[in-house]
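Please read these notes with the model open beside you, and take the points in order.

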Amino acid sequence: MSMTVEKKGAVQNGIKRAVFAGLAIILQILMIYFIYFRLETRFTWIANIITILAVLLVLYIYGRHETASVKMPWLIIISAFPILGVFLYLMVGLNKGTADMRNRYKALDDALLPLLPKNDTELERLTAKNIGVANQSRYIKDYAKYPVYNNTDVAFYGDGAEGFKAQLEELKKAEQFIFMEYHAIEDGRSFEPLHAILKEKAASGVDVRLFYDYVGSMGFIGNSFINKMEKDGIKCRVFNPMNPVLNFFVNNRDHRKITVIDGKIGFTGGYNLADEYFHVTEPYGHWLDTGIRLEGDAVKSLTVAFLENWNAIRDDDSDDKDYSKFLPDVPYEAKEKGYVQPYADSPLDDEHVGENVYMNVLRNAKKYAWFITPYLIITEEMNSAFAMAAKSGVDVRVITPGIPDKKIIYSVTRSYYAGLARNGVRIFEYTPGFCHAKQSVSDDEVATCGTINLDFRSLYHHFENGAFMYDYQAVRDMKCMFDETFTKCREVTEEYRTGRSRFLRIKQLILRLFAPLM
C-alpha cells in the first residue's frame, strides 16, 4: 500500500529533523575539538591536563563493576583518542542519562512500584514447587521490584499478526482506559483499524494513550502524527525526541511493547505497530514475531511499566496524580495455576535484569534451553553461561535470522557463532526471513517472552520489558513453536565450529571489539 503525500511528508520531516539534530551534535563536538587544538598549540599544559583526565577516566572505567566486554572497547578508544573517547563515553558508554532524568525516574519508581502487591504467599508456594524457578522469581522481585503472580492466564501467539488481531478484538471492549507503548509505530495499513478503534473509544470517554520512541518511529511517522492523534482525542507522547544539543540521554531508547486494557488484559512481545511485523510488507522475507496475552492480576505490572515512561519523559506535560485508579483489584479466577512475572528493565541503574534473567534460565536448565533473537551480541559472562550449560549436557540452541535487516550487526552476530559452537551450543538461522521474536523456553516448564534482544543495546542501553513464566500451557505452546521453527532453519553449528577463513576471523574480531558501542 503506497503512502499518501501527507504521510510521506510527515516521515520526511521527521527524518530531516533527526538528521539535522545529529549533524548539529557532530558540529558541536567538532567545535570543541577545534577549540581544544587551538588552545593546545598555545598552551601546552592543556594537553597534559587532557591526558591526566583520560587516564583518570580509564582508571574509573577499569574499576567499574562491569564485564570486560563492555570495558575493553572504551579503554582502547580513550587511550588512542582521548578527546573523542571521552565524548563518546559520556554519550554512549556511561549510559546513565542525565542527573535530572535519573532523579525523575527514581521519584516515579518510588511512587509506582510500592503500589504493586508483595505476593509473598505466591512466592512461598512457588518455592515449594520448584526452588530453582522460585530463586529466579525472587531475583526479579528483589532487584526489579516486580512480583510473581499466581492468578493470571497466559496465551501465546506464535505469529505477530495473530497477536495483533487478538489485541484489536480486546481493544473494542475497553471501558476505562487503553495504554499502548511501542518502540515503532507506522501510520500504515495495519494501523488503520487500530486507529479507528482508538478514535471511537476516545470519543466514548475512554482514556486512550499512545506512546512511541522517537528514533524507533522516525522512519515511519513525523511530528504531524501527534497532532492527528490529539485531534481524535487520543493522548500521544513521544519518548526522548532528538534535539540539536549535546544530550547524554539520547542513546537510551524506549524499546518496550505494552498494551493494557482497563487493567484487566495486557499484551506484550516482540512486535511493533508497523506493517512489516504483520506480513503486509516483507522487506526481509517472512517476518517471525511472537507475543503473549495476560489476563488477571499480573496486568498490574504492565500498567506500572507503562506509567513509568509515560510520566517520566516530559516535564512540560502534566503527570498523573492518582496512579491507583489504573491499578484496580479486578475479580478474576484464573483457569490455569501457573506463575507469571512481568518485569521491566531500565538502563538508568546498575542492575541488568534482562541479561540476568536469561543467564538464570541457562543456569537452571536441566534438559534443554532454547533461545530466539534477532541479534546475538553478548557479554563474556553470558557467553560463559551458554557454554557452561551446553558443556553440562543441556541441549542449548539459538535461532537467529537467515535474512538480516542490518548487515553490519548481522556480521557481528555471526562473529559469536564459532565460540558458542565450539562449546556445544547449536546455532540455527531462520531461512525464510527475519526472526524478530525475543524469547526462550526451557525443560517444558519455564519461558520468557518480551522485548529483550540478546544484544548490548537491549541488555544495557534500552528501556525494556519481558515476562517470566512457569507451568503454563503457553510455555508448552512456545516449545511447539520452536519445534516447528527448527524445521525452517539451517543449522550452521558445524560450519562455524570447524572453519572460517583467517580474513573473516580478523574482520569479526574487529567488529566484536566494538560490539558494545553498536
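**Notes on the sheet, a helix pair and the core**

1. R209 stands opposite K235 in β4. This pair belongs to a model that is predicted, and it is a convenient place to begin, since strand β3 (residues 207–213) is joined to β4 by 5 bridges, the two strands running parallel.

2. Stepping back from that pair, the reader will find an open sheet of 7 strands with mixed pairing, in the order β1-β8-β6-β5-β2-β3-β4. Its edge strands are β1 (152–157) and β4 (235–239), each of which pairs on one side only. On average, and with direction ignored, neighbouring strands of this sheet are turned by 10° against each other.

3. Two packed helices are described by the angle between their axes and the distance between the axes. Helix α5 (residues 99–112) packs against helix α12 (residues 299–312) at an angle of about 145°, and their axes are 10 Å apart; the crossing is right-handed. From α5 the contact is made by M101, R104, Y105, L108, D109 and L112, and from α12 by V304, L307, E308, N309, N311 and A312. Sorted by class, this contact of α5 with α12 has 7 nonpolar, 2 polar and 3 charged residues.

4. The largest nonpolar core has 145 residues, and those with the most contacts inside it are Y146, F386 and M469. Helix α12 gives the most to this core, with 8 residues. Leaving aside neighbours within four places in sequence, the residues in contact with M469 include V154, I292, Y339 and V475. Another core, of 7 residues, lies apart from the largest one, and among its members are A54, L57, I61 and W74.

Definitions and conventions:
Residues are numbered from 1 along each chain as its sequence is written. This is a predicted model: local features need pLDDT of at least 70, side-chain atom pairs count only at pLDDT 80 or more; totals for chains, interfaces and linings use all residues. Side-chain values use heavy atoms; hydrogens and water are left out. Two strands pair if DSSP finds at least two bridges between them. Helices (H or I, at least four residues) and strands (E, at least two) are DSSP runs, numbered from the N terminus. Axes are lines fitted to C-alpha atoms, for helices over the stretch in contact, and angles run from 0 to 180 degrees between N-to-C directions. A crossing is left-handed if the near helix is turned anticlockwise from the far one by less than a right angle, and right-handed if clockwise. Contact means heavy atoms within 4.5 Å. Ala, Val, Leu, Ile, Met, Phe, Trp, Tyr, Cys and Pro count as nonpolar, Asp, Glu, Lys and Arg as charged, and the others, Gly among them, as polar. A nonpolar core is a set of buried Ala, Val, Leu, Ile, Met, Phe, Trp, Tyr and Cys residues joined through side-chain atoms within 4.5 Å. Buried means under 20% relative accessible area, exposed over 50%, partly exposed in between (1.4 Å probe, protein chains only).
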